[in-house]
Amino acid sequence: MPDSLFRGVSAFPLTPITSTGVDAASYAALVERLQAAGVDSISALGSTGSYAYLDLGERASVAKLTVKHAGSVPVIVGIGALRTRDVLENLRTAEDAGASAVLLAPVSYQPLTEDEVYGLYEDVAATSSLPIIVYDNPTTTGIVVSDALHARIAGLDLVRSIKIPPASLDVAQVSERVTALRDEVGGPISVGISGDPYAAAGLLGGCDVWYSVLAGVLPAESLAITRAALSGKAELALSLSARLDPLWELFRAHGSYRVASAIAAQLGLVPTVNLPRPVHELDGAGQRAVAAALRAI
């Protein structure tokens with residue numbers, strides 16, 4: 001069986017950014033809200049956490065803030081960066097902060113070969129004292145990790161989970177995808193679903209954990225879907241997910257990053273301006289659409 005750390009719902013909080021840096025007070029409140037809601041883990045400095053836009057010092061600060069305010073909830077810290085040197089520094093600060101695991105995406109300006117991607121994980125595994133999640137996010141990184149490469153990486157010490165891209169809304173198709181990956185990888189590795197509209201089908205199709213943007217802003221709704229799916233209540237899980245269709249439509253139209261930013265702002269959790277420039281928040285029409293979706297659900 002996969003490690004219990006990599007099961008349930010892992011909430012990915014927004015890292016609110018001001019013109020002078022990380023909004024530490026707002027971020028701490030976001031983390032405390034997730035802890036109070038009872039999420040299974042908190043994943044700091046994922047894509048929603050704006051990790052690629054923060055310098056090493058800011059990332060170290062966010063890692064410490066997360067662990068400090070998460071209470072007993074395990075904290076996973078994203079360590080991806082352009083250079084292996086910086087990845088290893090992020091690993092060190094995550095360890096120093098008291099993280100329970102690290103999340104690593106292969107990030108690069110130049111396209112990476114499969115050997116280069118493997119070499120990145122090999123270097124981290126040789127240094128890390130923490131379990132490693134392979135963050136397979138081709139939409140953002142442009143790097144597609146094949147199942148054969150996943151199998152190579154999973155053979156490294158401390159690699160414990162694979163975060164796969166959105167698979168399908170059809171549970172049977174997801175089951176085929178997850179089974180094929182597990183057959184290629186072998187061993188008791190956790191498989192996690194990302195792409196929130198696909199989460200209910202992903203969990204029902206055999207994924208162990210939902211690596212969730214939505215849980216970072218709406219943890220109760222995300223927990224309800226997760227608990228239903230992992231207890232085998234397929235009809236309930238799919239129904240709860242369907243209730244969120246107005247948000248899923250906005251995720252598809254605008255991306256989950258900007259929509260999560262708008263949700264957090266409209267709930268009064270963060271200032272209206274909260275993303276790192278040159279990224280901008282949704283425009284007026286987009287903000288109104290998010291407000292309407294929140295009312296609808």
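In the predicted model, Y135 is found in strand β7, which comprises residues 132–135. Its relative accessibility is 5%, and since the threshold for burial is under 20%, Y135 counts as buried. Not counting residues up to four places away in sequence, Y135 touches S47, L103, L104, A105, P106, Y121 and K163. One of these partners, K163, is paired with Y135 in the UniProt record as well: an unreviewed entry places the feature "active site" at Y135 and K163. The two annotated positions span 29 residues in sequence, yet no two of their C-alpha atoms are more than 5.1 Å apart, so they gather at one spot. Both Y135 and K163 are taken in by the lining of the largest pocket.

The packing of helices α3 and α4 was examined next. Two packed helices are described by the angle between their axes and the distance between the axes. For α3 (residues 84–97) and α4 (residues 114–127), the axes come within 10 Å and cross at roughly 35°. The crossing in which α3 passes α4 is right-handed. On the α3 side, the contact is made by T84, V87, L88, L91 and E95, while α4 contributes L120, D123, V124 and T127. By residue class, this contact of α3 with α4 divides into five nonpolar, two polar and two charged residues.

Backbone geometry in the loop between β4 (41–44) and α2 (56–69) was then considered. L45 lies in this loop and has a phi near 60°, a positive value in a residue other than glycine. At 2% relative accessibility, L45 counts as buried. S50 has its place in the loop between β4 and α2 too, and although S50 is not a glycine, its phi is positive at about 60°. With a relative accessibility of 1%, S50 likewise counts as buried. The loop between β4 and α2 thus holds L45 and S50, each of which has a positive phi without being a glycine.

A further backbone feature concerns the peptide bond that joins R277 and P278, which is cis, with omega at about 20°. P278 is situated in the loop between α12 and α13, the latter helix covering residues 284–296.

Helix α12 also provides the setting for A264. This residue is buried, its relative accessible area being 0%. Leaving aside neighbours within four places in sequence, A264 is in contact with L14, V217, L269 and V270. For the pair A264 and V217, a separation of 47 residues in sequence corresponds to a C-alpha to C-alpha distance of 6.0 Å.

G255 is located in the loop between α11 (245–254) and α12 (256–266). At 27% relative accessibility, G255 counts as partly exposed, a class that lies between the limits of under 20% for buried and over 50% for exposed. G255 and S61 are separated by 194 residues in sequence, and their C-alpha atoms are 26 Å apart in space.

Terms used: Residues numbered from 1 in each chain as written. Predicted model: local features only at pLDDT ≥ 70, side-chain atom pairs only at ≥ 80, totals over all residues. Heavy atoms only, no water. Axes fitted to C-alpha atoms, helices over the stretch in contact; angles between N-to-C directions. Helix = DSSP H or I, 4+ residues; strand = E, 2+ residues; numbered from the N terminus. Left-handed = near helix turned anticlockwise from the far one by under 90°. Contact = heavy atoms within 4.5 Å. Nonpolar A, V, L, I, M, F, W, Y, C, P; charged D, E, K, R; others polar. UniProt positions renumbered as here; feature names shortened; annotations may be inferred. 1 Å grid on protein atoms, 1.4 Å probe; cavity = no way out; pocket = protein on both sides within 12 Å on 5 of 7 lines; lining within 4 Å. Buried < 20%, exposed > 50% of the residue type's maximum accessible area, 1.4 Å probe, protein only.
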